[in-house]
Amino acid sequence: MRRLTGGIHAATHLLRTSQPSSEMVLRRFPPGDDAAAREAVVLAALDGLDGWAPKVRDVDPAGHRFGEPAILITRLPGRADITSASPSVTAEQLGRGRVRAGCRSGRAYRGAVGPVRP
């Protein structure tokens, strides 16, 4: 297990298993935070987005098993970049991701992220 940097409010760790060989990411949230449950709903609706979004392996919204609210997801290749040097490139990437996600049904995760406003 190795701590990953760059998270905003979740303690994030990379977990590696040998049999079978696998890498997963464990994200743990402060007690009482409902982010693990909301994230699980959104990621389940995206269903991996053809390799563009992680898949949920487990979720512990109340923290009974992990000690605090947590979600276990598949690891994607690459690295997170939350400090983009180019806002226009970031906006374009977000737009492309939104178009991909738009191919999925919004009803499944709309309530998890709040009301959708025109």
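**Exercise 1. Find the partner of E23 and place the pair in the fold.**

Start with the contact itself: E23 and R75 form a salt bridge, and their closest N and O atoms are 2.7 Å apart. Keep in mind that this is a predicted model.

Next, see where the two residues sit. E23 belongs to strand β3, while R75 is in the loop between β5 and α2 (87–102). They are 52 residues apart, so to speak a link between distant parts of the chain.

Now check how open each one is. E23 has 28% relative accessibility, and because the partly exposed class runs from 20% to 50%, E23 counts as partly exposed. R75, at 36%, counts as partly exposed too.

Finally, look for further partners: R16, E23 and R75 are linked in a network of salt bridges. The structure holds six salt bridges.

**Exercise 2. Work out what R27 and R28 of β3 are each doing.**

Take R27 to begin with. The R27 side chain meets that of E39 in a salt bridge, at 3.0 Å from N to O. R27 lies in strand β3 and E39 in helix α1, so this pair ties together parts that are 12 residues apart in sequence. E39 has a relative accessible area of 18%, and it is buried because the cut-off for that class is under 20%.

Then take R28. The R28 side chain meets E68 in a salt bridge, 2.7 Å from N to O. Here E68 sits in the loop between β4 and β5 and R28 in strand β3, which puts them 40 residues apart and links distant parts of the chain. For exposure, E68 comes out at 22% relative accessibility and counts as partly exposed; R28, with a relative accessible area of 23%, is partly exposed as well.

**Exercise 3. Write down the strand order of the sheet, then dock the helix on it.**

A reminder before you trace anything: strands of a sheet pair through backbone hydrogen bonds, either parallel or antiparallel.

Step one is the order. The sheet is open, has five strands and runs β1-β2-β3-β5-β4, with antiparallel pairing. Step two is the edges: β1 (2–4) and β4 (56–60) each pair on one side only. Step three is the twist, which averages 25 degrees from one strand to the next.

Zoom in on one pairing. β4 and β5 (residues 70–74) pair in the antiparallel sense over four bridges, and V59 stands opposite I71 in β5.

Now add the helix. α1 (residues 35–46) packs on the sheet and touches β3 (21–28), β4 and β5. The direction of α1 makes about 30 degrees with that of β5.

**Exercise 4. Test the length of α1 and list its buried residues.**

Do the arithmetic on the span. At 1.5 Å a residue, the 12 residues of α1 should span 16 Å, and the end C-alpha atoms are 16 Å apart, which agrees.

Then go through the burial list: A35, A36, E39, A40, V42, L43, A45 and L46 are buried in α1. When you look at the spacing, it helps to recall that an α-helix has 3.6 residues a turn, so residues three or four places apart point the same way.

**Exercise 5. Describe the surroundings of H13.**

Place the residue: H13 lies in strand β2 (residues 11–18). Its relative accessibility is 9%, so H13 counts as buried.

Now collect its contacts. Leaving aside neighbours within four places in sequence, H13 is in contact with M1, R2, R3, L4, M24, V25, L26 and R28.

**Exercise 6. Track down the unusual backbone geometry.**

Know the norm before you hunt: most residues other than glycine have a negative phi, and most peptide bonds are trans.

Start with the peptide bonds. Q19 and P20 are joined by a cis peptide bond, with omega about 5 degrees. P20 is placed in the loop between β2 and β3.

Move on to phi. D47 is not a glycine, yet has a positive phi of about 50 degrees, and this residue comes just after α1. D47 lies in the loop between α1 and β4.

L49 is found in the loop between α1 and β4, and it is another non-glycine with a positive phi, this time about 45 degrees. As a last step, check burial: L49 is buried, with a relative accessible area of 9%.

How values were computed
Residues are numbered from 1 along each chain as its sequence is written. This is a predicted model: local features need pLDDT of at least 70, side-chain atom pairs count only at pLDDT 80 or more; totals for chains, interfaces and linings use all residues. Side-chain values use heavy atoms; hydrogens and water are left out. Two strands pair if DSSP finds at least two bridges between them. Helices (H or I, at least four residues) and strands (E, at least two) are DSSP runs, numbered from the N terminus. Axes are lines fitted to C-alpha atoms, for helices over the stretch in contact, and angles run from 0 to 180 degrees between N-to-C directions. Contact means heavy atoms within 4.5 Å. A salt bridge is a side-chain nitrogen of Lys or Arg within 4 Å of a carboxyl oxygen of Asp or Glu. Buried means under 20% relative accessible area, exposed over 50%, partly exposed in between (1.4 Å probe, protein chains only). The expected span of a helix is 1.5 Å times one less than its number of residues.
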